[in-house]
There are 2 protein chains.
Amino acid sequence: MIVTKETLIELFLRGIETVSPENLIRENLRIFGPFVKVVRFRFRGGVHVLGSGKAAFRMAAETERTLRDRILGGVVLGPKGEETPVSKRIKFLTGTHPLPSQENLRATEEVLNYLASLSREDRFIFLLSGGTSALLEKPIPPLTLEELAVTTDLLLKSGMPIEELNVVRKHLSLVKGGRLSQITEAKGYVLVLSDVVGDDLSSIGSGPFYPDPSTYTDAYTLLREYGLWDRVPANVRGVIEAGMEGQIPETLKEMPRRIRHIIIGNNRRFLLSVRDSARRMGLRVRIITDTLRGEAREVAKVLHAMARHVAFRREPFSPPILLLFGGETTVSVKGEGIGGRNQELALAFLLEMEGDAKILLLSAGTDGIDGSTDAAGAVVGNEDLKHMDRKEMRKYLRRNDSYNFHRRYGTLLITGPTGTNVADVVLLYVEGRRWDF
Amino acid sequence: MIVTKETLIELFLRGIETVSPENLIRENLRIFGPFVKVVRFRFRGGVHVLGSGKAAFRMAAETERTLRDRILGGVVLGPKGEETPVSKRIKFLTGTHPLPSQENLRATEEVLNYLASLSREDRFIFLLSGGTSALLEKPIPPLTLEELAVTTDLLLKSGMPIEELNVVRKHLSLVKGGRLSQITEAKGYVLVLSDVVGDDLSSIGSGPFYPDPSTYTDAYTLLREYGLWDRVPANVRGVIEAGMEGQIPETLKEMPRRIRHIIIGNNRRFLLSVRDSARRMGLRVRIITDTLRGEAREVAKVLHAMARHVAFRREPFSPPILLLFGGETTVSVKGEGIGGRNQELALAFLLEMEGDAKILLLSAGTDGIDGSTDAAGAVVGNEDLKHMDRKEMRKYLRRNDSYNFHRRYGTLLITGPTGTNVADVVLLYVEGRRWDF
């Protein structure tokens, strides 16, 4: 078959459909006679539905369509601005993102109260997706949201790595670090739509139900180490000291057996879906990794070195072949341009190409939002080079202006927000033969 | 078999042996009855031996051992400081590196004169290796070496990319851009030991026998574009103007049929040798690319993402497997430390590891000299993490101090200068099972 950019776009869209909140819920929730089936688990009776994150509304709406009157009630917290589902069974609340506000605080209290009110006999489903860290948040009193924001800012500026920053943050929150497991006695199924590369459950939404091995003493030590202990708000010191003295319970240290995490959607699921679709089209395809990381423009060079080798040396795979990568690259912004990591990766990849083999690359965010642009990413191919000037390309890249570059040359991929998020993907198609132009 | 760091080191050393000047000459030059055989070509009678580059002496000495009295004479230019072979047939001259001096100029004149003195009936072998751009140089009179150095400096500081810089440089030289093909009428075999990723013959030693499509007008346009025309020495303007007026012939535009380039050693040859050695040991092995490029610490992340996927997902290869990469990464030095790109890649790779799969990585320069250190590179494995602290590791990386890091933890790879150079290689061994510690 002749593979074109449209082929890659079609495959991308099929992947998006697979990891859509609706499809993932349909795949994993069912009514089976008297039972509610949650993946491989089943139980009689009703269930409470809670949730938070950017995909929470769509996950919850589909849950309601699936479980209908088995739903006994619930509270679900999603982002402001999206259409809020109407339901008699589930209460839908909104919060701000990416910065939490008083609205989030009140909504979070409702979720906390609902969970706390459940008994040992109750069952709940918690629909967890990206964005939860900001949406679902309540600082440990008397600490305020403002003081928490000031603290996060201080830690970020100190150069503290994200893993250490999370140690401190989890110890200041009534939600993160497994606190939600602590406040309820009910049996719960946490259905996770993972936007985190590597699917670390303690990172997705800051792990509201998941154990956290770090301690108040660790948080204290870190603040001391970075010289921040005397600079954070007094209430931060207060909470941490109270924690060290045992007046505030530690974050969750062991996974209670009654709580189960089930990753229903992630980057790998997307890649597997694309792989299967491509095979059905008759394409040869390989998944290379689902944890791609690194500076976008440098990652592009390695990807091109692989593609080139396939095209010219037929190693380690013979062309034609579709190579799939998932993950999340980074961009160290130095210029004043507009763009996103996926668009920058595609631009840098184009700069590596020489045009003498047919190579196509689609690089996009599965949420449909790359950087702060209206594009999901970009689709480029060797034939694009015909119209492009390398010197111009380098200028766009230097300015981190990949969006304007791709807009100018018609290589943007625009899908609109997809309502789901399993990080980024790269579809790289390589042919061995020469390409005539 | 149990694969250890020593296995990787052994494989690396076998690769080095394969691309040693002696081995490559032995493989490609022979006496066969009345014939001299140069790879697949053969001819009767004698041959002249010329050459330049860092491997020139060892290539020439082996050529003499092989062809003995078939050698009619010759001039070979190598780096100062190395042991100079003694020969009645070939004149050995030395030059400075990486900055050319008057010594280089005089030696280059001898090579030019020798080549110019050959007739159409003569045959010569030219032994070309890395370092030639500096060793073999003579600016077009009245331009001086000092003015050439000043010009190169100006171009570099202007941010002119290397391909454009070479356009200018080739038009100021009596050697580069195919000038040597122009001054001789003899039949020549240029035996190339390639230290350039991708083996571009116009780049290796600045292509003394190889066509150059660019013109004096291009050189002029570039200097104008970068605002350097009025800043370069007057003699540079003089040469370029004379070239545009046709008073100085253009660089070589078409490959004369009497000159043949034969790449006898390159990165791929090294990788193929390691692949074959590994197979003979019973290992499964794949070559991924021989044109690896990018910032070392970012490349490490992509390599680790691949290794991790092989270890945990058994895709696209089932473990255990040895993955081979060749190429040349870069390091944007920001810190004050000591190191090289291979040592930095290995350090950054270690930082990605989590220790839960057996992964070993050897990253080294085939010349045995990584950066300006006495190490060829480094060999690291997941078990090394036992003794290491991530915070410390990050500090070393931030300071570009990979040499002191690897020295401290005993992970340096020291071979001494190998006398050959086919760029860098990475040997990446991945097992699927868990590693107990």
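This dialogue walks through the domains, the chain interface and the salt bridges of a predicted model.

Colleague: Before we come to the contacts, which domains does the assignment give for chain A?

Modeller: The domain assignment gives domain 1 of chain A as 20-138 + 173-215 + 250-265, and domain 2 of chain A as 267-430. The C-alpha centres of these two domains lie 33 Å apart.

Colleague: How many residues of domain 1 of chain A are in contact with domain 2 of chain A, and what area is buried between them?

Modeller: In this model 13 residues of domain 1 of chain A are in contact with 11 residues of domain 2 of chain A. The area buried between the two domains is about 880 Å², with carbon and sulfur atoms giving 53% of that area.

Colleague: How should I read a salt bridge, and which residues form one between these domains?

Modeller: The general idea is that side chains of opposite charge can pair when their charged atoms come close. Between domain 1 and domain 2 of chain A the count is one salt bridge, and Arg269(A) forms a salt bridge with Glu27(A), their closest N and O atoms being 2.4 Å apart. On the side of domain 1 that touches domain 2, the elements giving two or more residues are α2 (21-28) and β9 (259-265) of chain A, and the largest share, three residues, comes from α2(A). The residues on that side of domain 1 divide into six nonpolar, four polar and three charged.

Colleague: Is α2(A) largely enclosed or left open by the rest of the structure?

Modeller: Here the reading rests on a cut-off, since a residue counts as buried when its relative accessible area is under 20%. Six of the eight residues of α2(A) are buried, so this helix is largely enclosed by the rest of the structure. The buried residues are Pro21(A), Glu22(A), Asn23(A), Leu24(A), Ile25(A) and Asn28(A).

Colleague: Turning to the two chains, how many residues are in contact, and how many salt bridges are counted between chain B and chain A?

Modeller: Between the chains, 34 residues of chain B are in contact with 34 residues of chain A, and together they bury about 2900 Å², 49% of it on carbon and sulfur atoms. The count between chain B and chain A is 14 salt bridges, and one salt bridge joins the side chains of Glu225(A) and Lys391(B) at 2.6 Å, N to O. The rule also finds 20 residue pairs in polar contact across this interface, both residues being at pLDDT 80 or more. Of the elements of chain B, α12(B) gives the most to the side that touches chain A, with nine residues, and the residues of that side divide into 12 nonpolar, five polar and 17 charged.

Colleague: Which residues are linked in a network of salt bridges?

Modeller: Arg268(A), Arg275(A), Asp276(A) and Glu315(B) are linked in such a network.

Colleague: What does a salt bridge such as that of Glu137(A) and Lys176(A) tie together?

Modeller: The side chains of Glu137(A) and Lys176(A) meet in a salt bridge at 3.2 Å, N to O. Glu137(A) lies in the loop between α5 and α6 of chain A and Lys176(A) in the loop between α7 and α8 of chain A, so the pair ties together parts that are 39 residues apart in sequence. Glu137(A) is buried, with a relative accessible area of 4%, and Lys176(A) is buried, with a relative accessible area of 3%.

Key:
Residues are numbered from 1 along each chain as its sequence is written. Chains are lettered from A and ligands numbered from 1 in the order in which they are written. This is a predicted model: local features need pLDDT of at least 70, side-chain atom pairs count only at pLDDT 80 or more; totals for chains, interfaces and linings use all residues. Side-chain values use heavy atoms; hydrogens and water are left out. Domain bounds come from an automatic or database domain assignment. Contact means heavy atoms within 4.5 Å. Buried area is the accessible area (1.4 Å probe) that two parts lose on being put together, summed over both. A salt bridge is a side-chain nitrogen of Lys or Arg within 4 Å of a carboxyl oxygen of Asp or Glu. Helices (H or I, at least four residues) and strands (E, at least two) are DSSP runs, numbered from the N terminus. Ala, Val, Leu, Ile, Met, Phe, Trp, Tyr, Cys and Pro count as nonpolar, Asp, Glu, Lys and Arg as charged, and the others, Gly among them, as polar. A polar contact is a pair of N or O atoms within 3.5 Å; within protein, one must be able to donate a hydrogen and the other to accept it, and residues adjacent in sequence count only if both atoms are side-chain atoms. Buried means under 20% relative accessible area, exposed over 50%, partly exposed in between (1.4 Å probe, protein chains only).
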